[in-house]
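Here is a short briefing to read alongside the model. Keep the viewer open and follow each group of points in turn.

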Amino acid sequence: MLSIESNIEKAIKSKSKGSLLLPDDFRLLGSSEAIRKALQRLEEKQIIKRVAQGIYVRPKTNKYIGEVLPSAEEVAIAIAKRDKTRTVPTGTYALYALGLSTQIPMKIVLLTDGSPRTLVVGKRTIKFKKTTPKNLLAKGKISSLVIQALKEIGIDKQTLDEELKIIKLLKEENLNHLLYDIALAPVWIQKIMKKAL
């Protein structure tokens with residue numbers, strides 16, 4: 001049992017500080033129960049810190065602000081990777097991710113094909129909201145965000161400035177992904193997206 005813990009500790013110390021760690025990262029070193037217990041002991045020794053259920057970090061410190069924990073966004077990505085689920089940012093978080101809003105959302109809402117759940121990371125909340133597979137079909141990183149952001153703004157409610165920003169962002173999208181995603185969008189959103197072609 002001790003050797004599993006020391007092997008995991010060695011593996012953790014080989015990663016850079018601030019790295020997110022999932023029990024699955026150590027699956028070759030022992031049974032899931034042994035790994036879970038080893039991670040608990042390493043947390044007690046303050047070698048790692050738990051940031052959410054089943055997600056740890058190798059702590060990083062900054063001489064001015066002290067301990068630096070991963071962002072809620074990084075944790076959300078790690079959870080999607082761990083659970084092998086697809087996610088799409090939605091609502092105010094999609095607006096923020098595209099730079100259409102400067103306000104950092106305290107609540108991140110992600111559409112997912114995985115289990116619905118809510119996690120608290122620091123002062124922020126991550127909500128995984130179950131959705132239909134159709135809402136997760138978009139291929140482009142930018143175009144999928146644009147679809148969700150425009151849904152949040154509402155039909156014909158975008159300003160000219162927002163529309164110009166969206167068109168500029170969409171011009172950076174992979175053309176094949178953009179064409180594919182335009183076909184998935186509601187008709188009113190398609191009209192805006194087509195302006196980037």
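The points below cover a sheet, the helices on it, a helix pair and a surface patch.

This is a predicted model. One part to look at is an open sheet of four strands, and another is the pairing of helix 7 with helix 8.

**The sheet**
- The four strands follow the order 6-7-9-8, and their pairing is mixed.
- Strand 6 (87-90) and strand 8 (117-121) form the edges, each pairing on one side only.
- From one strand to the next, the twist averages 25°.
- Six bridges join strand 7 (residues 107-112) to strand 9 (residues 124-130), and this pairing is parallel.
- If you would like a residue pair to click on, Leu110 stands opposite Phe128 in strand 9.

**Helices on the sheet**
- Helix 3 (residues 72-83) lies across strands 6, 7, 8 and 9, and runs at about 35° to strand 9.
- Helix 4 (residues 91-98) also packs on the sheet, where it touches strand 6 and strand 7.
- The direction of helix 4 makes about 90° with that of strand 6.

**The helix pair**
- Helix 7 (residues 175-184) packs with helix 8 (residues 187-194) at an angle of about 155°, and their axes are 8 Å apart.
- With angles over 145 degrees counting as roughly antiparallel, helix 7 and helix 8 are therefore roughly antiparallel to each other.
- Helix 7 makes the contact through Leu178, Asp181, Ile182 and Ala183, while helix 8 brings Gln190, Met193 and Lys194.

**A surface patch**
- Leu175, Leu179 and Leu197 make a nonpolar surface patch of about 290 Å².
- Of these residues, Leu175 lies in helix 7.

Definitions and conventions: Residues numbered from 1 in each chain as written. Predicted model: local features only at pLDDT ≥ 70, side-chain atom pairs only at ≥ 80, totals over all residues. Heavy atoms only, no water. Pairing = 2+ DSSP bridges. Helix = DSSP H or I, 4+ residues; strand = E, 2+ residues; numbered from the N terminus. Axes fitted to C-alpha atoms, helices over the stretch in contact; angles between N-to-C directions. Contact = heavy atoms within 4.5 Å. Patch = residues over 30% accessible without salt bridge, like charges linked within 9 Å, V, L, I, M, F, W, Y side chains within 5 Å. Areas by Shrake-Rupley, 256 points an atom, 1.4 Å probe, with all protein chains shown as cover. Salt bridge = Lys/Arg side-chain N within 4 Å of Asp/Glu carboxyl O. Parallel < 35°, antiparallel > 145°, perpendicular 65-115°, else oblique.
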